[in-house]
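Me: I am in my first year and would like a close look at the aromatic rings in this structure. Could you take me through them slowly, and then turn to the sheet?

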Amino acid sequence: MKIFLERVAHTILQTDGDQLDKICVVMPNRRAGLFLRKHIATLANRTVWAPDFHAVDDFYARISELTLADPVVIDFELYEIHRRIEKEKAQPFGEFIKWGHVLQTDFSDIDAHLVDARSIFGYLTEVKVIEKWNLAPDGLTVAVRDYLRFYSSLYEYYQQLAENLAATGSAWPGRMYRFAAENITEIAEALPWSKIYFAGFNALTTAEEVVMKYLIEEGKATLLPDADRYYLDDPRQEAGTFLRKQMRLFGKEYFEASSDCFADAPPEKIQVHGVAGISGQAVHAATLLQQWLAASQTTDAAGQMAVVLADEQLMMPVLNALPENLSAFNVTMGYPLISTPQYSFLVYLLKMHENKKRFETTTQSASQGFHYNDVLRLLQHPLTAQVFDPAWLVGAIRKSNQTFYSPAEIMSLAEQIPKEVLDVSDKSLQLIRLIFGAIGDEPAKMLAAAGDIVNFFRNHYKTTEKQQPGIFELQLEYLFNIALLLTRINDLNARYGTIDSIKSLREVFTAIARTQRLPFSGEPLRGAQVMGLLETRSLGFEKVILLGANEGKLPAAKSNDSYIPADIRAEYKLPTATQKAAVYAYHFYRLLCGAQEVHILYDTNQDSDTKEQSRFIRQIVHELPRYNPAITIEEAIATAPPPSAGSDRVIEVQKTENVMAQLTAKASRGLSPTSLNDYRKCGLRFYLKNIAALKEPDEVQETIDYRIIGNIVHFVLEKLYTFVKGKQLIASDIVNLQPQVEIVIQEALIKDYQHGQVQWGRNKLLLEVIRKFIDDFLLTEIKLLTAQPEALQVIGLEKKVALDVEIPDREKMAKIHGVIDRIDRLDGMIRIIDYKTGNVSGASELRIKSWEDLWQGDKHDKVFQVLLYAWLYTKTGHHSGGDFQAGIISMRKLSLCMLSFGLNTEGRKYDSALDEEKLEAFETYLLDLLDELFDETIPFSQTSIVETCKTCIYKELCRR
């Protein structure tokens, strides 16, 4: 069965073969014209004059003699109108441009469908007035009045924009169509062709219908629709919605030759594949292409293959996955400029300078500089890495708690980079200076700086290209288009002067870049075609792979990019979501028509927003076999093979000779309560942290974290109580410490948070929390000593204790060490105290029913810690004898006083007194724990208690 373009070529040659130079062929897009030209040349089999081929927009630009206006210029023109209408209430250009594009689309729709603009905007205003109507005694608010005034001014926007563009001989697309429809009588008389063929059209605007109908009735044009009986004759098939309308408008005779491909020449194979993820679909498509190429008998077999993308995000994964033996392929979609690294680099640059201004405003300081996150984002960008290794500079910033950096501070840091890492005379410093220089707040200067950076990279790439040809060829193409965009914005801003801030500049740059696509070079008539669904119009292929066939992509999800609600659009016969879905349905079915083998892929990824397969798939599965029982559709889910090691298997590290040597070395340096608690909770965590020494990467502490809070509180209490250590305290002793609190807190900040900002935001609040912890603690002590003078004596502060322990039967020694926050004597009872600034639920966390409870590694970590401190205190000879206590003081629950360790006795109560018997029992447990730790036959195993993993820094590594 001949494909549509072959039938068109045959018809044209048969009807007007002797006067091809006098005819015009109008098609939905230019690519269809290229393929039709090829078919005419092939069928003519002789040298002939080619007809005039026009894509539909080009045709209407020619007959209307209007120039298609640049959408970006329209944005600037619209903003000028906006400023004239709104005056002092006008929005910044960066905000306006976000909805200016929407106005453009609505204006074009109105004109293309010959709608009276005054009527529809008046109707829309009345609807909005009714929506906001209320009986409130105060009437409408200022915001509501501004809202209604905006809608009432839409016609003025439309009228003024049309007049401004008309003065330059240009128009938006719909206005060109409208001009042609309203002046078709005069236009028809001046047409240079004897006949016009309108080939392959589906959905027509009202203006197109008027033009085509007039030309057909005058005998100056004919219609060649691309239709199939399957969806044309069945009124329930949405794919034929617009063709049935054409049939009523232009006459049934134009549709008599329509194909019936699903009956006469159905696809030999239709397979539906559910594949997880974008990359999974790309790999699956590449596998199918590889199989087709291997089975092909001809050298041009790839020319009959098409990879069609319903989701443009699939383009780069598909291109990266294409088989190496696919010698020729053509990409029709164009690459989005916003997907290039050069675009993201400049957006980050603009955002950094924008944030600098924003932080200066919000913190009421003009000397803040660049936020460290913005600095790191640019230093770690792939473009920066193409020039120099930023690791040293990134590390220096991460190790500091400085939140903001001035340009001078960044350059000072850069000049400290060791010469073996970066030669200070290297051009790398030039790039750092360009990125982080003091540019100022003027958009023109920012544009110039961005241009300088583009030129820097262009020169760098060209230099590298001389040494390694081809390595940066694509990057140079990206830079060329970025440079064009920057020049365009600069010229328009010089003309209109509407960009008044770096924020507006970024928003304009982003808005325009989103409309830009970089064309791929290649021979469009050779090799496999990689294209979007709408680009398949009028084309036909023997083998088709359709990717991204998920609901929301095929058809596209409903869009709210219009100021005209759906009900009003329907009333005025403007396109609605239903009609747009019908367009997708048409292209879907005609893509299948004439193909021999079709593979439809959809994403099964549960994390995807569009994991449901397209409803078009369900339609063909249920309907095509009824239409033709010879059609079979196979469905399958492509599942990834299970991992070689089951995900439920516990991860283990065997205690090899090397591991044991590292463990012994660690033990000789010292095992702290924290490290031993790590082992109690999870052997693998202990190994990763203490043996493998895998640590969290250095991060800038932008906000005071729990560790810093704890360090500051411990430091302040140690410093304060040093003044009264050893004394039998009375309330006035603590009162006298209160004036020193702020001084010591500032000293602690210099020690633990030297470059951090604490003057505003979350840090300011956290600093107040720290002050409250200290103040409340002192007040609690004052209250105690007021009731019991001289009942309290502080004996030790931040006391370091350490002991070398022999492990029986292992011939090993382990140093156990720790720091006791406070040792005091209250009413004659010695107390070993650990401060806690984190959450403590209550006394239950310090209690156990029996010593066996300690073997529950996921629990009782606080019990283990305070008992280990108490044991070390006595074993190192600091306790002369008698009962004593060990526990914690929670800064969040000071009303509970000290929460003491307690052991259940006789099932009735918890005994908090520590004596020799209890410490011996704990020592037995500790030695057994150390014996297990050094047992070579017991590997470091991942805990089976998943709850323990929630706060573990290694949970991603362990797949928890």
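Reply: Please keep in mind that this is a predicted model. A pair of aromatic rings is described by the distance of the centres and the angle of the planes. Searching the whole structure in this way turns up 51 aromatic pairs. One of them joins Y343 and F509, whose ring centres are 5.5 Å apart and whose planes meet at 15 degrees; because planes under 30 degrees apart count as stacked, this pair is stacked. Y343 belongs to helix α17 (residues 341–362), while F509 belongs to helix α25 (residues 502–513), so the pair ties together parts that are 166 residues apart in sequence. Are these two rings buried or exposed? Y343 has a relative accessibility of 8% and therefore counts as buried, and F509, with a relative accessible area of 1%, is buried too.

A second pair, F457 and Y461, has ring centres 6.1 Å apart and planes at 40 degrees, so this pair is described as tilted. Both residues lie in helix α23 (residues 443–467), where they are 4 residues apart, or about one turn of the helix. F457 is buried, at 1% relative accessible area, and Y461 counts as buried as well, with a relative accessibility of 0%.

Aromatic residues also gather in a cluster, and the members of one such cluster include F76, Y79, W99, Y147, Y496 and Y563. Rings can have charged neighbours as well: the charged end of K655 is placed over the ring of F940, 4.8 Å from the ring centre, and R822 lies over the face of Y721, at 5.0 Å from the centre of that ring.

Turning now to the sheet, it is an open one in which 7 strands are arranged in the order β9-β14-β8-β15-β16-β7-β17, with parallel pairing. Its edge strands are β9 (329–331) and β17 (633–638), each of which pairs on one side only. From one strand to the next, the twist averages 15 degrees. At the β9 edge, this strand pairs with β14 (residues 528–532) in the parallel sense over 3 bridges, and an aromatic residue appears here too, since F329 has A528 in β14 as its bridge partner. Helix α28 (residues 615–627) packs on the sheet, where it touches β7 (269–275), β16 (597–603) and β17, and the direction of this helix makes about 145 degrees with that of β17.

Methods. Residues numbered from 1 in each chain as written. Predicted model: local features only at pLDDT ≥ 70, side-chain atom pairs only at ≥ 80, totals over all residues. Heavy atoms only, no water. Phe/Tyr/Trp six-rings, centres within 6.5 Å; stacked < 30°, edge-to-face > 60°. Helix = DSSP H or I, 4+ residues; strand = E, 2+ residues; numbered from the N terminus. Buried < 20%, exposed > 50% of the residue type's maximum accessible area, 1.4 Å probe, protein only. Lys NZ or Arg CZ within 6 Å of the ring centre and 35° of its normal. Pairing = 2+ DSSP bridges. Axes fitted to C-alpha atoms, helices over the stretch in contact; angles between N-to-C directions. Contact = heavy atoms within 4.5 Å.
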